[in-house]
Amino acid sequence: MNNPTNSKNPADVVVIGAGIVGLAHAALAVGRGLTVTVIERDDRAVGASIRNFGHCCITAQSGELYDLAQSSRGHWLYFAERAGFWASEAGALVVARNDVELQVLRELAGRREAGQVTVLRAEETTAQLRTAQGTPDPAILGGAMLRDDLRVDPRTTVGKLAAWLQEQGVDFLWRTSAVGFDDGAVHTNRGTVYGRRTIVCVGHDVDYLFPSVSKEHIVERCTLQMSRAAQPAGLTLGPAVLTATSMLRYDAFTEMPSAIELSRTVDSGLQAIGANVMFTQHPDGSLILGDSHTYQHTAAPFLSENTTDLINAEIGALLGMPLEITERWQGIYASSPNGPLLVKEVQPGVTAVSVTSGVGMTVSFGLAERTLNSLFESVHSHRGSS
Ligand SMILES: Cc1cc2nc3c(=O)[nH]c(=O)nc-3n(C[C@H](O)[C@H](O)[C@H](O)COP(=O)(O)OP(=O)(O)OC[C@H]3O[C@@H](n4cnc5c(N)ncnc54)[C@H](O)[C@@H]3O)c2cc1C
């Protein structure tokens with residue numbers, strides 16, 4: 001559409017951004033019987049939502065994020081079934097290679113309801129990491145299974161969800177950039193789109209549209225190095241696999257009494273690159289490997305071979321075999337030392353919603369439900385399956 005105008009028939013909700021946060025808002029809004037228009041500057045989403053692990057890291061969250069993550073879970077499964085994207089309730093496996101790591105996992109298991117975090121013996125942990133070519137790291141002492149975590153395929157999920165939403169009547173304006181807002185109107189580079197409420201879900205690019213709000217929340221760009229490896233022969237993984245570096249990054253672990261010891265025991269080279277060494281298996285068998293973290297206002301585009309090598313060597317050591325790398329890429333998400341969520345009515349009728357930490361897949365639907373409850377309190381909501 002060259003010059004979109006719906007002035008005679010404004011949408012109930014205009015969503016800017018077709019990443020997972022925007023689509024979660026669109027999906028739950030249309031489920032409430034609202035009319036929805038989504039505006040996306042590219043011809044498909046290619047941002048953070050397709051560059052990640054596809055790991056809904058529910059169990060390792062704490063406080064508000066834990067509640068949002070648990071509330072997202074049912075919606076993820078509900079929309080996977082309806083929109084036909086792949087989602088697995090395979091949980092996550094956390095590997096422990098020393099007593100401190102194992103103790104952190106035991107402490108977490110002790111704080112959660114029975115069955116949510118199950119501490120595993122060494123054999124139970126290594127059994128999940130066995131390939132035809134290698135023997136998993138003999139240093140593995142045990143691990144834990146995080147029952148509630150989900151996995152989706154990040155490369156296909158948002159595309160399938162958008163296509164299904166289109167079938168449900170959501171109007172998508174692709175290759176259209178939002179450039180300015182009035183109450184009831186979104187100005188784009190192709191004309192004006194009208195709606196009762198506008199929800200701006202542009203991830204880390206929120207500073208381009210709302211510089212002062214972003215400055216106040218101290219929004220930065222976190223850049224991450226990722227790669228993909230060919231399927232190690234014989235490896236069929238259900239869960240996402242996390243390591244001790246992950247325990248340094250998620251609050252459910254860092255809040256444990258023994259977590260204070262982790263920074264002493266985790267490899268200093270990995271800590272220096274802000275590593276969260278973890279991997280997931282794509283439905284085609286290949287592995288998504290990552291990641292590192294660098295924080296800047298403007299993201300430098302260069303990938304460091306040293307960083308990639310450190311992460312991939314660590315995962316190779318865990319599996320006991322070298323990995324054949326087939327792709328590398330950079331991911332970027334919004335981050336803030338101020339807090340994990342930026343949700344703010346930036347001007348009358350316009351709400352900005354950015355997840356300012358690396359958990360946007362995990363909390364997307366719960367966050368969308370909360371936003372819509374606050375904007376449209378009286379309108380009925382569908383419930384997800386749990
Ligand atoms: C490498 C990596 C690994 C990660 N791992 C995980 C993980 O394991 N679990 C987890 O929960 N989260 C993870 N995350 C975080 C998660 O991916 C993000 O928090 C989430 O995808 C953010 O979704 P979004 O929709 O806000 O942003 P995006 O997916 O970036 O989408 C924003 C969209 O807005 C569009 N847009 C921007 N400006 C405009 C404009 N002016 N007009 C129109 N459209 C515009 C963009 O084109 C884009 O499509 C990871 C992120 C990365 C990068």
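Trainee: Why is C222 not in a disulfide?

Mentor: Distance rules it out. In this predicted model, the sulfur of C222 is 15 Å from the closest cysteine sulfur, in C57. A disulfide needs the two sulfur atoms within 2.5 Å. So 15 Å is too far for a bond.

Trainee: What kind of bond would that be?

Mentor: A disulfide is a covalent bond joining the sulfur atoms of two cysteines.

Trainee: How many disulfides does a search of the whole structure find?

Mentor: Zero. Take C201: the nearest cysteine sulfur belongs to C56 and is 17 Å away, and C201 is in no disulfide.

Trainee: Is C222 buried or exposed?

Mentor: Its relative accessible area is 0%. Buried means under 20%. So C222 is buried.

Trainee: And C201, buried or exposed?

Mentor: C201 has 6% relative accessibility. The cut-off is under 20%, so C201 counts as buried.

Trainee: Now L310. Where does L310 lie, and how far is L310 from C222?

Mentor: L310 lies in helix α13, residues 305-319. L310 and C222 are 88 residues apart in sequence. In space, their C-alpha atoms are 19 Å apart.

Trainee: Why does L310 count as partly exposed?

Mentor: Its relative accessibility is 27%. Partly exposed runs between the buried limit of 20% and the exposed limit of 50%. So L310 counts as partly exposed.

Trainee: On to the ligand. How many residues surround the ligand, and which are the closest?

Mentor: There are 34 residues around the ligand. The closest are E40, S49, N52, H55 and T362.

Trainee: What makes the pairing of E40 with the ligand a polar contact?

Mentor: An N or O atom in the E40 side chain is 2.6 Å from an oxygen atom of the ligand. The limit is 3.5 Å, so this pair qualifies. The side chain of T362 also has an N or O atom 2.6 Å from a ligand oxygen. V21 uses its backbone: an N or O atom there lies 3.1 Å from a ligand oxygen.

Trainee: How much of the ligand does the protein cover?

Mentor: The protein covers 96% of the 1,000 Å² of accessible area that the ligand has on its own.

Trainee: Which classes of residue make up the shell around the ligand?

Mentor: The shell has 16 nonpolar, 14 polar and four charged residues. Elements that each supply at least two of the shell residues include α1 (20-31), β13 (220-229) and α14 (360-375).

Trainee: Why do you say the ligand lies between two domains?

Mentor: Domain 1 (1-86 + 151-215 + 337-386) gives residues to the shell, and domain 2 (92-147 + 220-335) does too, so the ligand lies between them.

Trainee: What is the backbone usually like at phi and at peptide bonds?

Mentor: Most residues other than glycine have a negative phi, and most peptide bonds are trans.

Trainee: Which peptide bond is cis?

Mentor: A cis bond joins G290 and D291, with omega about -15 degrees. D291 lies in the loop between β16 (287-290) and β17 (294-296).

Trainee: What is phi at R175, and why is R175 called exposed?

Mentor: Phi of R175 is near 50 degrees, positive in a residue other than glycine. R175 sits in the loop between β9 (171-173) and β10 (178-182). Its relative accessible area is 52%. Exposed means over 50%, so R175 is exposed.

Trainee: What makes I218 partly exposed?

Mentor: Its relative accessible area is 39%. That falls between 20% and 50%, so I218 is partly exposed. I218 is not a glycine, yet its phi is positive, about 55 degrees. I218 is in the loop between α8 (211-217) and β13.

Notes: Residues numbered from 1 in each chain as written. Predicted model: local features only at pLDDT ≥ 70, side-chain atom pairs only at ≥ 80, totals over all residues. Heavy atoms only, no water. Buried < 20%, exposed > 50% of the residue type's maximum accessible area, 1.4 Å probe, protein only. Near = heavy atom within 4 Å. Polar contact = N/O pair within 3.5 Å; in protein donor to acceptor, adjacent residues only side chain to side chain. Areas by Shrake-Rupley, 256 points an atom, 1.4 Å probe, with all protein chains shown as cover. Helix = DSSP H or I, 4+ residues; strand = E, 2+ residues; numbered from the N terminus. Nonpolar A, V, L, I, M, F, W, Y, C, P; charged D, E, K, R; others polar. Domains from an automatic or database assignment.
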